[in-house]
Amino acid sequence: GEDVAEYALRLGDDALILAQRLGWWISRAPELEEDIALGNIALDQIGHARSFLTYAGAAWGKSEDDLAYFRGEDGFRSSYLVEQPNGDFGKTIARQLVISVYQHELYSRLVASTDATLAAVAAKALKEVDYHRDHAKQWTLRLGDGTEESNRRITAGLVSVWPYVDQLFQDDELIERLDGVAVRPSELREPFDAYIAAVLAEAGLEVPQVPNAMTDKSRRRHSEHLGYLLAEMQVLAREHPGATW
Amino acid sequence: GEDVAEYALRLGDDALILAQRLGWWISRAPELEEDIALGNIALDQIGHARSFLTYAGAAWGKSEDDLAYFRGEDGFRSSYLVEQPNGDFGKTIARQLVISVYQHELYSRLVASTDATLAAVAAKALKEVDYHRDHAKQWTLRLGDGTEESNRRITAGLVSVWPYVDQLFQDDELIERLDGVAVRPSELREPFDAYIAAVLAEAGLEVPQVPNAMTDKSRRRHSEHLGYLLAEMQVLAREHPGATW
Amino acid sequence: EAGQAYFDKIIAEDSRIEPADWMPEKYRKTLVRQMSQHAHSEIIGMQPEANWITRAPSLKRKAILMAKVQDEAGHGLYLYSATETLGTPRDVLNQQLLEGKAKYSSIFNYPANSWADMGAIGWLVDGAAIANQVPLCRASYGPYGRAMVRICKEESFHQRQGFEILLELSNGTPAQKQMAQDAVNRFYAPALMMFGPTDTDSPNSQQSMAWNIKRFSNDELRSRFVGMIQEQVKVLGLTLPDDKIRYNEETGMWEHGELDWDEFHEVLAGRGPCNAQRMERRREAHENGAWVREAAAAYAEKKAQKAQVA
Amino acid sequence: EAGQAYFDKIIAEDSRIEPADWMPEKYRKTLVRQMSQHAHSEIIGMQPEANWITRAPSLKRKAILMAKVQDEAGHGLYLYSATETLGTPRDVLNQQLLEGKAKYSSIFNYPANSWADMGAIGWLVDGAAIANQVPLCRASYGPYGRAMVRICKEESFHQRQGFEILLELSNGTPAQKQMAQDAVNRFYAPALMMFGPTDTDSPNSQQSMAWNIKRFSNDELRSRFVGMIQEQVKVLGLTLPDDKIRYNEETGMWEHGELDWDEFHEVLAGRGPCNAQRMERRREAHENGAWVREAAAAYAEKKAQKAQVA
């Protein structure tokens with residue numbers, strides 16, 4: 001029904017916007033191996049996005065591309081976190097650490113969803129996110145315990161993305177209605193915190209002590225960044241409405 | 001006629017794209033005085049763009065906004081130089097130095113155009129560009145003769161924009177056909193070089209020795225940067241075709 | 001004691017204190033805090049509007065918006081200058097902002113998500129600012145009052161432009177009208193909260209009123225503002241998201257629905273949607289500009305040395 | 001002399017030289033130059049296509065394009081590894097690229113202005129690359145030949161994807177079809193020039209052929225390619241911007257219109273539309289990544305020291 005579709009949108013949009021951000025790095029990474037690694041993660045996320053959006057679109061007779069290219073800002077259900085700009089590699093890794101640990105906890109529970117499609121997509125995605133999480137962890141360790149400069153930068157990156165962490169763990173009416181289908185975000189917070197604390201401790205970093213930003217648990221409101229991202233992502237498709245590619 | 005309109009497009013598009021680039025700096029400049037100064041220059045350029053585009057549009061029954069917001073990349077006649085990204089303040093000043101010295105030479109001749117409208121717009125623009133040129137000159141001196149870091153950065157900025165200087169001074173068939181109406185770009189090169197050489201010498205900088213980029217004297221082809229700029233500039237207007245604002 | 005007497009006399013006469021005059025330390029402190037907070041608000045307030053400069057939907061609107069944001073930088077400059085007459089240099093004030101030790105108006109911690117926000121900010125936010133600021137033109141501290149005169153003139157221009165943006169949208173396509181209504185819905189309550197806590201929760205106000213800095217209470221100003229916009233919104237063909245607005249004949253005050261003061265305090269405490277973003281952007285601009293300011297200083301010094309030698 | 005004899009024998013038998021084998025200095029140098037140039041081309045060649053990743057018009061195409069650009073990074077890595085077997089480390093090769101001392105394929109100095117260029121690059125540029133590279137799978141130097149086998153497999157996949165992009169556009173709206181034709185018009189001649197100067201102007205080719213590195217002359221390969229694409233373009237429903245294409249029964253060669261070798265040399269000399277941009281972007285990525293590579297190195301060293309202690 002519509003509720004499941006709305007939930008699938010949230011999952012799909014996070015993956016899509018993240019992929020769009022990460023795709024920028026390909027040809028700009030600190031080393032060739034990272035062009036490939038970040039490219040892989042972006043590709044995986046695009047794959048997840050396509051599955052979730054296709055499923056969501058079925059409820060409204062829309063294709064994945066209708067949803068990706070012909071919704072305005074208000075129609076998106078992405079979180080503030082994935083909308084944050086790439087910044088430097090430190091900030092990108094900080095964002096990756098947060099999102100991949102979150103997605104890992106999320107998908108490892110979503111595999112038990114009573115919705116068979118969501119469960120199946122999550123099962124496939126989980127294996128890939130496992131790699132994403134490890135990638136983010138390894139880089140957090142390297143940057144945290146690398147040089148003074150790298151420690152400073154990953155710290156700044158964590159501070160920069162931290163205000164948007166809280167939104168990921170907010171329950172709302174939709175979640176209540178989807179008991180058994182959706183994963184309850186608030187339940188993910190504890191394991192998330194534990195994992196993050198362990199990684200940061202090993203990296204010689206501290207959990208940022210910064211205020212949460214006021215966001216929107218229903219994900220209808222967005223950061224000021226999303227508009228720019230969509231303008232670029234959608235420009236060509238919208239110039240040719242009805243075209244196929 | 002169409003030729004004059006096409007010529008006005010070139011003038012207007014350079015001003016418009018430059019204004020769009022400079023507008024980004026407002027709220028991001030190195031000091032408040034520069035937010036204001038770069039804002040002023042952007043405003044002046046928007047003003048020139050509007051005059052030239054309104055004039056050009058008259059030939060095709062189009063408004064300034066039709067031209068600014070509803071042309072694709074192929075329809076623009078901007079030069080590679082103004083399309084170059086802002087980079088850091090050093091690169092922006094380098095681009096400003098080139099474009100303002102060029103526009104100053106251009107408009108100080110265009111005031112004698114046999115086309116009364118072009119002459120009048122040029123007369124008004126010239127006074128303003130005189131300030132732009134001085135602004136760029138003063139900053140080139142400060143950065144060139146400031147610190148090692150600033151010298152390094154303005155030098156890098158000059159090297160970065162220099163491949164696109166040559167295009168500004170290329171004559172083509174249109175220019176030939178508009179004898180007396182248009183200013184012959186090739187005639188501006190000598191005074192441009194002389195002015196630039198004097199400023200750079202005073203700033204302790206050298207004229208960059210880098211190859212020219214192969215561009216398009218008819219200005220129908222563009223750098224890879226223009227598409228991104230237009231996507232952002234036009235996004236809202238295109239979402240609401242036929243709307244007024 | 002002569003100083004205090006003169007100061008008291010000037011205040012009693014409702015005349016002006018000038019920079020060279022003696023003044024109580026608390027008066028000075030209050031002014032520095034209020035004026036610099038106002039200056040910071042102008043500077044941070046550039047950001048939500050700068051967010052739409054590159055995407056403004058017509059060249060005319062783009063030019064107007066650029067000019068407006070630029071004016072705000074100008075207001076920041078006047079106000080920093082006026083504050084400097086009280087003995088605190090601009091560098092120090094700026095440092096306080098960057099370190100998060102100084103406040104700025106909370107309204108700028110809300111995002112400008114749509115073009116219509118350029119209208120709502122102009123109409124409601126600048127409108128509320130003017131309502132706050134017009135009485136400040138008569139503030140007892142001379143440089144502050146004079147700065148406000150200049151600023152208010154430009155602000156009312158900005159407010160009119162904001163109104164025009166909304167009017168155009170409201171008379172436009174259904175999508176445009178909806179965009180306008182949505183912006184008004186989002187900015188209405190935050191704009192009302194710009195006048196500060198209710199009088200019962202506003203402990204500093206009385207001293208400021210005694211010193212002729214403040215002339216009206218928060219609630220008085222807010223009420224006046226509500227009365228004004230409830231008229232104007234009709235012209236716009238839009239509605240205010242508040243069905244409790246009514247004129248109270250007895251008190252002579254405009255009343256409105258309850259405001260979410262918890263949200264107000266959350267945003268004040270740094271937990272608004274954009275607090276972190278605004279500060280990060282300001283710090284980034286400051287850091288990215290460091291080498292430029294250093295170069296300008298080094299160059300000026302070289303020039304000065306040459307001039308001395310010559 | 002034993003080495004030379006063995007080398008000559010291997011070449012005569014059309015067998016493979018391996019890294020540990022003796023080889024003439026010039027053979028080694030030629031290979032290092034050619035292989036690293038090929039690697040650099042993969043790396044710089046990522047840029048025109050990366051230019052469309054964020055704007056790809058469907059999610060499927062976005063995924064395919066990302067995968068393709070990522071493959072190019074992979075090809076760069078294989079080729080740097082293969083080149084390292086000849087004794088020149090990747091750092092040195094990379095430094096040569098960044099300093100402008102090493103060349104890369106000139107085709108990547110043309111801009112990718114439209115989405116259709118993703119099709120034209122795949123079909124024509126990868127097509128020409130494959131025509132060049134398939135014979136290199138039998139190159140006398142073992143690691144090179146083996147790298148080429150792997151690369152050619154992926155390249156032919158990429159070429160098919162490029163062809164599909166054009167086919168879809170050609171069968172699409174008039175605007176899409178025009179976009180496709182425009183891209184083919186712009187990439188046709190530069191793609192033909194990818195085979196290098198005409199045989200009469202290609203002095204190094206003969207030695208490379210004698211060493212079984214190169215198998216066919218530039219003109220032979222070009223002719224074969226023209227024959228191929230003139231067939232394929234019909235399937236696309238597009239045309240090649242060359243009315244001189246014809247099969248010469250006598251020579252058995254495909255002929256084509258004259259190419260603008262002046263332009264070729266201009267681009268080679270650094271004056272293409274994007275030479276400066278491509279190099280600036282590569283240097284920027286390298287410089288922006290310096291602190292990351294340093295951190296990774298420092299961390300690895302710390303780990304190694306701890307492991308030693310333990």
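**Contacts and symmetry in the predicted model**

Leaving aside neighbours within four places in sequence, D:Gly270 touches B:Pro211, B:Asn212 and D:Asn275. The coordinates examined here belong to a predicted model, and the values reported below were computed from it. D:Gly270 lies in helix 11 of chain D, a helix that covers residues 261–271. Its relative accessible area is 19%, and because buried means under 20% relative accessible area, D:Gly270 is classed as buried. Although D:Gly270 and D:Asn109 stand 161 residues apart along the chain, their C-alpha atoms are separated by 8.7 Å.

A second buried residue, C:Glu155, is found in helix 7 of chain C, which comprises residues 142–170. When residues up to four places away in sequence are not counted, C:Glu155 is in contact with C:Glu42, C:His75, C:Asp126, C:Ile130 and C:Gln133. Despite being buried, C:Glu155 has no salt bridge, and the nearest side chain of opposite charge, that of C:Lys68, is 5.9 Å away. That separation can be set beside the cut-off for a salt bridge, in which a side-chain nitrogen of Lys or Arg is within 4 Å of a carboxyl oxygen of Asp or Glu.

The relation between chain A and chain B was examined next. A turn of 180°, combined with a shift of 0.0 Å along the axis, lays chain A on chain B with an RMSD of 0.0 Å. The two copies are therefore related as by a two-fold rotation axis. Within chain A, the C-alpha nearest this axis belongs to A:Ala231 and is 3.0 Å from it.

Where the two chains meet, 6 residues of chain A are in contact with 6 residues of chain B. Of the interface residues of chain A, 100% are also interface residues in chain B, so the copies meet through the same surface. Between them, chain A and chain B bury about 470 Å², and 70% of this area is on carbon and sulfur atoms. On the side of chain A, the residues that lose the most area to chain B are A:Tyr228, A:Ala231 and A:Glu232, which together account for 58% of what that side buries. A:Ala231 thus appears in two descriptions of chain A, since its C-alpha is the one nearest the axis and A:Ala231 is also among the residues that lose the most area to chain B. As for specific interactions, 0 salt bridges were counted between chain A and chain B, and the count of residue pairs in polar contact, with both residues at pLDDT 80 or more, is likewise 0.

Note on methods: Residues numbered from 1 in each chain as written. Chains lettered and ligands numbered in written order. Heavy atoms only, no water. Helix = DSSP H or I, 4+ residues; strand = E, 2+ residues; numbered from the N terminus. Buried < 20%, exposed > 50% of the residue type's maximum accessible area, 1.4 Å probe, protein only. Lys, Arg positive; Asp, Glu negative; His and termini not counted. Contact = heavy atoms within 4.5 Å. Least-squares fit on C-alpha atoms with pLDDT ≥ 70 in both. Buried area = accessible area lost by both parts, 1.4 Å probe. Polar contact = N/O pair within 3.5 Å; in protein donor to acceptor, adjacent residues only side chain to side chain.
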